[in-house]
Amino acid sequence: MKPPAPLIALREDEIELSAIRAQGAGGQNVNKVSNSVHLRFSIPDSSLPEVIKERLMALSDQRITQDGVVVIKAQTSRSLEQNRAEALERLQALVDSVAVPPKKRRPTRPTLASKKRRLEGKASRSGVKRLRGKVSGGD
């Protein structure tokens, strides 16, 4: 299955990739081979449009530092190339998530029928509560 086309193209010279040793299971291979990828992408220094930069900085994502640097660590695969591709896909997905501007919410008014239903429900509830009161001796 082919991934969808990116909404905003990222320049490769703005992305810093470095190979590091992975953590976790993997036997001796994990101790001697640097197959994990550490991706760093500086939002303020990038060539992205200002609107996209602002939306990225406004995200409450733990991968974005206070300085506006996106740090992504990919280590699921034993292959350096697959981890590099996965890290780039995650960065592209993050940028694409803010590429489409959010729709502005227009407040709606309740319909007349819904107002009537609400008031009828309140009236019936009021009647039930009124019947719970003390019975007056009418005799």
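Colleague: At the start of helix 3, which residue has its backbone nitrogen reached by a side-chain oxygen of S79?
Modeller: This is a predicted model: local features need pLDDT (the predictor's confidence in each residue, from 0 to 100) of at least 70, side-chain atom pairs count only at pLDDT 80 or more, and totals for chains, interfaces and linings use all residues. Residues are numbered from 1 along each chain as its sequence is written, and side-chain values use heavy atoms, with hydrogens and water left out. Helices (H or I, at least four residues) and strands (E, at least two) are DSSP runs, numbered from the N terminus. The S79 oxygen comes to within 3.3 Å of the backbone nitrogen of E81.

Colleague: What pattern does the protein chain follow along the sequence?
Modeller: The protein chain has four helices and three strands. Read in sequence order, the pattern is β-α-β-α-β-α-α.

Colleague: Which element has the lowest mean pLDDT?
Modeller: The chain mean is 86, and 88% of residues reach 70 or more. Helix 4 (residues 112-131) has the highest element mean, 95. The lowest, 68, belongs to helix 1 (residues 28-32).

Colleague: What span does helix 3 reach from its first C-alpha to its last?
Modeller: Helix 3 has 20 residues. The expected span is 1.5 Å times one less than the number of residues. That gives 28 Å, and the model is close to it, at 29 Å.

Colleague: Which element gives the most residues to the largest nonpolar core?
Modeller: A nonpolar core is a set of buried Ala, Val, Leu, Ile, Met, Phe, Trp, Tyr and Cys residues joined through side-chain atoms within 4.5 Å. This one has 20 residues, and F41, L48, I52, L56, V70, L91 and V95 touch the most other members. Strand 2 (36-42), helix 2 (50-58), strand 3 (69-74) and helix 3 (80-99) each give two or more. With six residues, the top contributor is helix 3.

Colleague: Which elements do the buried residues of helix 3 pack against?
Modeller: Buried means under 20% relative accessible area, exposed over 50%, partly exposed in between (1.4 Å probe, protein chains only). In helix 3 the buried set includes N83, Q92 and D96 alongside L91 and V95. Their packing partners are strand 1 (15-20), strand 2, helix 2 and strand 3.

Colleague: Why does E14 count as buried?
Modeller: E14 sits in the segment before strand 1. Leaving aside neighbours within four places in sequence, E14 is in contact (heavy atoms within 4.5 Å) with R40, F41, D45, S46 and S47. E14 counts as buried because its relative accessibility is 19%.

Terms used. Polar contact = N/O pair within 3.5 Å; in protein donor to acceptor, adjacent residues only side chain to side chain.
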